[in-house]
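Here is a short note for someone opening this structure for the first time. Please keep the view open while reading.

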Amino acid sequence: MHLADGPVHLVGHSFGATATLLAALDLGDQVQSLTLIEPVQFAAARGTDAFNDHGMIFQKIDQAIQDGDRRFAAHRFLDLWGEPNAWRDLPASGQAALAAMIHVIPAQTGALRDDVNGILTPGRLEGFQVPVRLIEGSKSHPVVAAVHDHLEQRLPNVERHIINGAGHMCPITHAPDVANIIRPLLVP
């Protein structure tokens, strides 16, 4: 795969950050910088209390889907990853759309909780020399901090940024703060 005439800056959020990390590892020197906003590579947090707590929540979501209560599953998912009152504030059509697509969440388990793509293979992250910025919200689920702890320990060229008062949706709710972190990478 060839991206451009020169190295590029990659930015991803949530599942997109996990996919962006995988792409960056494959692209190597075609990447100039990598910004990961709360990547949900949960396997990186394995062995922590946050991983176990998060897993119990997702078991309840998965069970609700299996029981046919997609609306409860969607509501619980949005409580975990959205802003306070996000479900209540969604119009009925938005709630219905999220409930209809909630089955996609447990379908990602292999990639996110089991690392079937080998992102965490020993030596893989350690060999990635590109500057990486990790961005997280101070109000996000503790599993995010545990993922970032792991990535920070293994990536050789990493900066970590915590946005005070933000949750998982910080690129939307705290867009200026996120932009201020990314901007120095893009503007010489």
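The points below go through the sheet, the helices and a few single residues.

1. Status of the model. This is a predicted model. Please read every point below with that in mind.

2. The sheet. Start with the strands. There are 4 of them, and they form an open sheet. The order is β1-β2-β3-β4, and the pairing is parallel. β1 (8–13) and β4 (158–163) are the edge strands. Each of these pairs on one side only. On average, neighbouring strands are turned by 15 degrees against each other, direction ignored.

3. Inside the sheet. Look next at β2 (residues 31–37) and β3 (residues 132–137). These strands run parallel and are joined by 4 bridges. I37 stands opposite I135 in β3.

4. Helices on the sheet. Helix α1 (residues 15–27) packs on the sheet and touches β1 and β2. The direction of α1 makes about 150 degrees with that of β1. Helix α10 (residues 175–186) also packs on the sheet. Its contacts are with β1, β2, β3 and β4. The direction of α10 makes about 175 degrees with that of β3.

5. A helix pair. Two packed helices are described by the angle between their axes and the distance between the axes. Take α2 (residues 49–66) and α8 (residues 142–154): their axes come within 8 Å. They cross at roughly 135 degrees, so α2 and α8 are oblique to each other. The crossing is left-handed. On the α2 side, A50, F51 and H54 make the contact. On the α8 side, P142, V143 and A146 do so. The contact residues divide into 5 nonpolar and 1 polar, with no charged residue.

6. H54. Is this residue of helix α2 buried or exposed? H54 has a relative accessible area of 0%, so it is buried. Leaving aside residues up to four places away in sequence, H54 touches F42, L80, W81, R113, H141 and V143.

7. Positive phi at E38. Check the backbone here. E38 is not a glycine, yet its phi is positive, near 50 degrees. E38 lies in the loop between β2 and α2. The relative accessible area of E38 is 0%, so this residue is buried.

8. Positive phi at D115. Which loop holds D115? It is the one between α7 (109–112) and β3. D115 has a positive phi of about 55 degrees, although it is not a glycine. With a relative accessible area of 14%, under the 20% cut-off, D115 is therefore buried.

Terms used: Residues numbered from 1 in each chain as written. Predicted model: local features only at pLDDT ≥ 70, side-chain atom pairs only at ≥ 80, totals over all residues. Heavy atoms only, no water. Axes fitted to C-alpha atoms, helices over the stretch in contact; angles between N-to-C directions. Helix = DSSP H or I, 4+ residues; strand = E, 2+ residues; numbered from the N terminus. Parallel < 35°, antiparallel > 145°, perpendicular 65-115°, else oblique. Left-handed = near helix turned anticlockwise from the far one by under 90°. Contact = heavy atoms within 4.5 Å. Nonpolar A, V, L, I, M, F, W, Y, C, P; charged D, E, K, R; others polar. Pairing = 2+ DSSP bridges. Buried < 20%, exposed > 50% of the residue type's maximum accessible area, 1.4 Å probe, protein only.
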